[in-house]
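Colleague: I've got a new model on my screen and plenty of labels I don't quite trust yet. Could you take me through how each one is earned?

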Amino acid sequence: MVFFGAVLGKIYNDSGAATSIARGLTNKLVIRTTGKKQVYLTVLVCLIVEVAMTMGGIDGYVLTFTFIPIALVMCEMVDIPRRCIGGLMVLNCAFMACPGAPQVDNIIARSAILGEVFGEESAFAEIATQANYSISSTAAPIPGLVGVAIIVLGGYFYLCRQINKAKANGEHFEWGPVARIEAEEKKLPGFFVSFIPLIVVFFLYTLVPIIFKTEVQISVALGSGIVIALLLFGKNLPKRREKKERSVISRIVGVLNDGSNSYPGALMSLCTPAALAGVITATAAFGIVVEALSGLQIHPFVLTLIVVCVLVAITSSPPAALMIALPIALNIMLAKGFSAAEVLELSPGIMRIGALATTTFETLPFNGLIILTLNMIGCTHKEAYKPMLIQSVVFTLLGSIAATIILVLFPGLA
């Protein structure tokens with residue numbers, strides 16, 4: 001998933017397909033407006049671009065490198081202060097855990113549930129096998145979409161207000177320490193054509209299981225998106241004279257190699273927390289913690305929210321938090337007297353709460369992606385972090401709490 005997401009993101013960046021989407025939306029919606037309306041439309045365009053890429057399978061880590069150059073050019077066009085780009089960058093945080101999203105939060109939450117249910121010596125394995133148990137990437141869709149809506153709308157209107165306030169105070173765009181990006185005059189892929197690979201990934205991974213009751217692996221969906229993107233955008237990939245890439249085939253090989261370069265670092269950011277989770281769950285202390293949590297007289301859904309939030313704050317890693325917390329939640333439900341069948345019935349709710357909760361305290365000031373974003377836009381925490389905090393911590397927490405309350409009141413929605 002990470003490898004293909006990195007390659008797909010590189011294709012969109014180098015071919016100009018991402019720029020085509022942003023420029024098309026900017027020209028159609030933004031450029032002819034002024035004042036506050038222009039700000040609202042600019043932020044909306046950024047949100048649409050990020051959501052398209054996120055729901056199209058481009059990994060959040062890779063999206064940073066793909067989106068920030070676009071945001072810098074757009075902000076110069078409409079005179080939005082550079083420090084606001086950090087807030088624009090996290091607009092898509094809700095969609096990392098959106099039902100059906102081909103993203104790590106959604107996928108690891110599902111894998112953590114399935115791994116516990118069918119693991120060795122699992123109390124669920126026999127009944128799960130008999131019932132042909134599975135869990136969908138769209139688990140608990142209604143509570144999940146309500147949580148996503150709260151995060152998106154809250155973040156959108158808050159950020160628009162902050163940008164308008166900054167402009168009213170006389171702030172303007174300036175490049176500062178960031179190298180100026182010159183608008184390239186090259187032929188870009190068509191606006192509508194640029195959406196096709198992203199739509200294909202979303203259709204295969206999210207819609208095919210709903211419509212045809214057939215699961216498509218995320219690697220197959222992303223691989224299909226890459227093939228289609230290369231067929232559509234191959235001719236738009238740049239020729240690099242220093243590497244003598246003149247033919248379309250040589251340029252395709254070049255972009256595949258370049259896309260692979262960001263894979264090892266992104267992979268290690270997932271593997272290391274996964275190993276940490278495996279070690280922690282094998283210790284005696286872990287059993288003591290589970291026993292202590294089992295004694296808390298709170299609903300398992302609420303417990304899931306608390307445990308995931310705490311663990312993601314400590315580790316700054318959604319995979320680690322999910323792989324530790326979700327098995328705890330399932331086993332605590334057993335300890336509280338739920339039957340294995342009842343736990344399996346409610347497990348989609350556990351998955352959705354877990355996926356949403358990992359978006360809360362992941363983006364604290366020491367998070368690697370936060371530091372990377374601030375470095376790329378040439379800003380300090382003091383200058384640019386507050387909008388990122390409000391959007392990706394405060395509103396994500398509110399959305400997660402809302403989804404949890406809905407599931408506690410209406411467990412049938414799981």
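Modeller: Sure, let's go label by label, and keep in mind that this is a predicted model.

Colleague: Start with T359. Why is T359 called buried?

Modeller: Buried means under 20% relative accessible area. T359 has 5%, so T359 counts as buried. You'll find T359 in the loop between α16 (340-357) and α17 (368-377). Leaving aside its neighbours within four places in sequence, T359 is in contact with C93, A97, D105, S392 and T396.

Colleague: Next, helix α18. How do you know how its reach compares with what's expected?

Modeller: Helix α18 covers residues 381-409, which is 29 residues. From first C-alpha to last it reaches 39 Å, close to the 42 Å expected at 1.5 Å a residue. There is a bend in α18 too, of about 30° at L389.

Colleague: What makes K10 and D14 a salt bridge?

Modeller: The cut-off is 4 Å between a side-chain nitrogen of Lys or Arg and a carboxyl oxygen of Asp or Glu. In K10 and D14 the closest N and O atoms are 3.5 Å apart, so the pair qualifies. Both residues sit in helix α1 (residues 2-15), 4 residues apart, about one turn of the helix. A search of the whole structure turns up 4 salt bridges.

Colleague: Why do K10 and D14 get different labels, one partly exposed and one buried?

Modeller: The line is drawn at 20%, with partly exposed running from there up to 50%. D14 has 16% relative accessibility, so D14 is buried. K10 has 25%, so K10 is partly exposed.

Colleague: What about R82 and E174, what makes them a salt bridge?

Modeller: Their closest N and O atoms are 3.0 Å apart, which is within 4 Å, so they count. This pair links distant parts of the chain, 92 residues apart: R82 is in the loop between α4 (60-78) and α5 (85-89), and E174 in the loop between α8 (141-168) and α9 (196-212). R82 is buried because its relative accessibility is 6%, while E174, at 40%, is partly exposed.

Colleague: And how do you know that R83 and E171 form a salt bridge?

Modeller: Here the closest N and O atoms are 2.8 Å apart, again within 4 Å, so the label fits. R83 comes from the loop between α4 and α5, E171 from the loop between α8 and α9, and they are 88 residues apart. R83 is partly exposed at 27%, and E171 is partly exposed at 26%.

Colleague: What makes I401 a candidate for the nonpolar patch?

Modeller: A patch residue needs over 30% relative accessible area and no salt bridge. I401 has 32%, so I401 clears the area cut-off. I401 lies in helix α18, which gives the patch its largest share, 5 residues. Among the other members are I142, V146 and F410, and together the patch has about 810 Å² of accessible area.

Colleague: Last one. Why are A140 and K213 picked out?

Modeller: Most residues other than glycine have a negative phi. A140 has a phi near 45°, a positive value, and K213 has a positive one near 55°. A140 is in the loop between α7 (125-130) and α8, and K213 in the loop between α9 and α10 (218-233). A140 is buried because its relative accessibility is 2%. Exposed needs over 50%, and K213 has 70%, so K213 is exposed.

Methods. Residues are numbered from 1 along each chain as its sequence is written. This is a predicted model: local features need pLDDT of at least 70, side-chain atom pairs count only at pLDDT 80 or more; totals for chains, interfaces and linings use all residues. Side-chain values use heavy atoms; hydrogens and water are left out. Helices (H or I, at least four residues) and strands (E, at least two) are DSSP runs, numbered from the N terminus. Buried means under 20% relative accessible area, exposed over 50%, partly exposed in between (1.4 Å probe, protein chains only). Contact means heavy atoms within 4.5 Å. The expected span of a helix is 1.5 Å times one less than its number of residues. The bend at a residue is the angle between axes fitted to the seven residues ending there and the seven starting there. Patches are made of residues with over 30% relative accessible area and no salt bridge: like charges are joined within 9 Å, nonpolar side chains (Val, Leu, Ile, Met, Phe, Trp, Tyr) within 5 Å. Accessible areas come from the Shrake-Rupley method with a 1.4 Å probe; for residues, only the protein chains shown count as cover.
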